[in-house]
Amino acid sequence: MSGQIAQLTLPPLTLYVHLPWCVKKCPYCDFNSHALAGNLPDEDYVNALVADLENELPLVWGRPVHSIFFGGGTPSLFSATQLDRFLSSVRGFVALAPNAEITLEANPGTIEHDSFTAYRKAGINRISLGVQSFDDDSLGRIGRIHGAREAERAIRLIQDAGFDNFNLDLMYGLPGQTLEQAVKDMETALQYNPNHISHYQLTLEPNTAFHANPPPLPDEEQCWDMQEACSELLSRQGLKNYEISAWAKPGQRSAHNINYWRYGDYLGIGAGAHGKVTLAADGIVRRTSKQRHPKTYLAASREGNWYAEKRDVSKSERCFEFFLNQLRLRGGVHVDDFTPRTGLDWSFASENVARAEQRGLLAMQANRLVPTELGWRFINEIQQMFLPGQA
C-alpha cells in the first residue's frame, strides 16, 4: 500500500455499555459474559459505569451521542430503576441527539426483573431479543434456558409495552437442525411482524464449550440452503438485507450497528468494553478496551485503572479496519468516507481495490464499491485483501 496522510474528520459518536452477567453461559458464546453467582451488584456496577463514562469525557467534549446500546451478558437482569439512573447521568454528561436510539438486549426467561413497560419509561426505545430458535429441542441443544413458549410470551410483552422498534435474533445451522426447521423458525418470527431481524449461522468459536466438544452441525451446503430459503421469506415480508446478518424494514436499520460498520466512533464502557475514538486535531484514531472480568473492572473503578489496553491505530490498520467494517454492508463501501474517517488519501487503498475489481469481487457503483454476487460468496477473502502487507 502507498498513499498520503490527510485530515481526519470527526464521525458520528455512539455509546456501548456492557452489562456482563447472565443466568447461564451458553456453550457457543464467546462474548465477555459471566454466569451470575449470588446477588447482582447492580448499584455498584452502575456507579462504576458512571465514573467510567466521566473518565472518557475529555476525549469527546462537545460531541453529541447518536445512540446507546446496552449489551451483554443479559442486560435485562438490571432493573429499570438502575438503567434510568445511568441514563440520567449520561444526559448530564453529553448531549443526546434528538430521537437517539437506545437499545436494550434481553433474553426470554430472564425478563422477569422488570416489565418492558418499565424499561420503556426509563428511556429504552428499542429491544433486541435473543430468541435464537422457536424449537424446544433446538434450544435445548444449544443450552438456552428458555423454550418456545417463553420466547413468544416475551415478544407479546414487548409489543404490549408499546415498543414499535424491536429486533429478533435468530440462529441457523444449529445441531441437528434441518432445512424445514430453520424455515419454520423464520416463519414463526415473521408472524410477529418485527421491523428488524438478525439472522446468523452458529459457528464454533475458540474458548467456548462447543469448540472444545463440537456438536454435530449441518454442513456448509445445508447451511447455505437455510440462509437462501430464509432470505427469500424475509424479502417477501419487506425486510431488506442491509448487512451480512441483519435485515430491516425501510427506515428501521439499527442506527448503532450502522455506525460500527461505517467506521464511526464509539465509547465503550463496562467490563471488557471496546471503544474507538477519533482525535482529529492530533491525527489519531485510538482504540481502548476496559478491564475484562467484572470483579477486576469493579476493583479498577475504585483505583481509576480502567484500561486493559489503549493504543493508537496505525495507518495500514486504519485502512484494513475501514474495509473490514464497510464491506459488511450490502450498500457497499462509501468511498467518500475513506479519507475523513481514516486520515488517508484514497491512493492508500487503490491498489487492493483494483485487485478486487480485476477478480470480479468488487464493482464501483455511484461512488460506492459494492461486492458482486461472487464477492458476497467470498466476502472474507475480500476483507483479507486489505490486511497490512497484502498489496
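In the predicted model, V333 has L369 of strand β17 as its bridge partner. This bridge belongs to the pairing of β15 with β17 (residues 368-371), which is antiparallel and runs over two bridges. The two strands are part of an open sheet of three strands, ordered β15-β17-β16, in which the pairing is antiparallel. Strands β15 (333-334) and β16 (362-365) lie at the edges of this sheet, each pairing on one side only.

A second set of pairings involves strand β8. Strand β7 (residues 166-172) pairs with β8 (residues 196-201) in the parallel sense, over six bridges. The connection from β7 to β8 passes through helix α6 (residues 179-191), and the resulting β-α-β crossover is right-handed. Within the parallel pair, M171 is placed opposite Y200 of β8. Strand β8 also pairs with β10 (residues 246-248), here in the antiparallel sense and over three bridges. In that pairing, I197 has W247 of β10 as its bridge partner. In a regular strand, side chains alternate between the two faces of the sheet.

Helix α6, the helix of the crossover, also packs against helix α8 (residues 220-236), their axes coming within 9 Å and crossing at roughly 25°. Angles under 35 degrees count as roughly parallel, and α6 and α8 are therefore roughly parallel to each other. The crossing of α6 and α8 is right-handed. On the α6 side, the contact comprises L179, A182, V183, M186, E187 and L190; on the α8 side, the residues are D225, M226, A229, C230, L233 and L234. By class, the residues of this α6-α8 contact are 10 nonpolar and two charged, with no polar residue.

A further helix pair is formed by α11 (residues 315-326) and α12 (residues 335-342), which pack at an angle of about 140° with their axes 10 Å apart. Because of this angle, α11 is oblique to α12; the roughly antiparallel class applies to angles over 145 degrees. The crossing of α11 and α12 is right-handed. From α11, the residues R318, C319, F322, F323 and Q326 meet D337, F338 and T342 of α12. The residues of the α11-α12 contact comprise four nonpolar, two polar and two charged.

Conventions: Residues are numbered from 1 along each chain as its sequence is written. This is a predicted model: local features need pLDDT of at least 70, side-chain atom pairs count only at pLDDT 80 or more; totals for chains, interfaces and linings use all residues. Side-chain values use heavy atoms; hydrogens and water are left out. Axes are lines fitted to C-alpha atoms, for helices over the stretch in contact, and angles run from 0 to 180 degrees between N-to-C directions. Helices (H or I, at least four residues) and strands (E, at least two) are DSSP runs, numbered from the N terminus. Angles under 35 degrees count as roughly parallel, over 145 as roughly antiparallel, 65 to 115 as roughly perpendicular and the rest as oblique. A crossing is left-handed if the near helix is turned anticlockwise from the far one by less than a right angle, and right-handed if clockwise. Contact means heavy atoms within 4.5 Å. Ala, Val, Leu, Ile, Met, Phe, Trp, Tyr, Cys and Pro count as nonpolar, Asp, Glu, Lys and Arg as charged, and the others, Gly among them, as polar. Two strands pair if DSSP finds at least two bridges between them. A crossover is right-handed if, with the strands pointing away from the viewer, the path from the first strand over the helix to the second runs clockwise.
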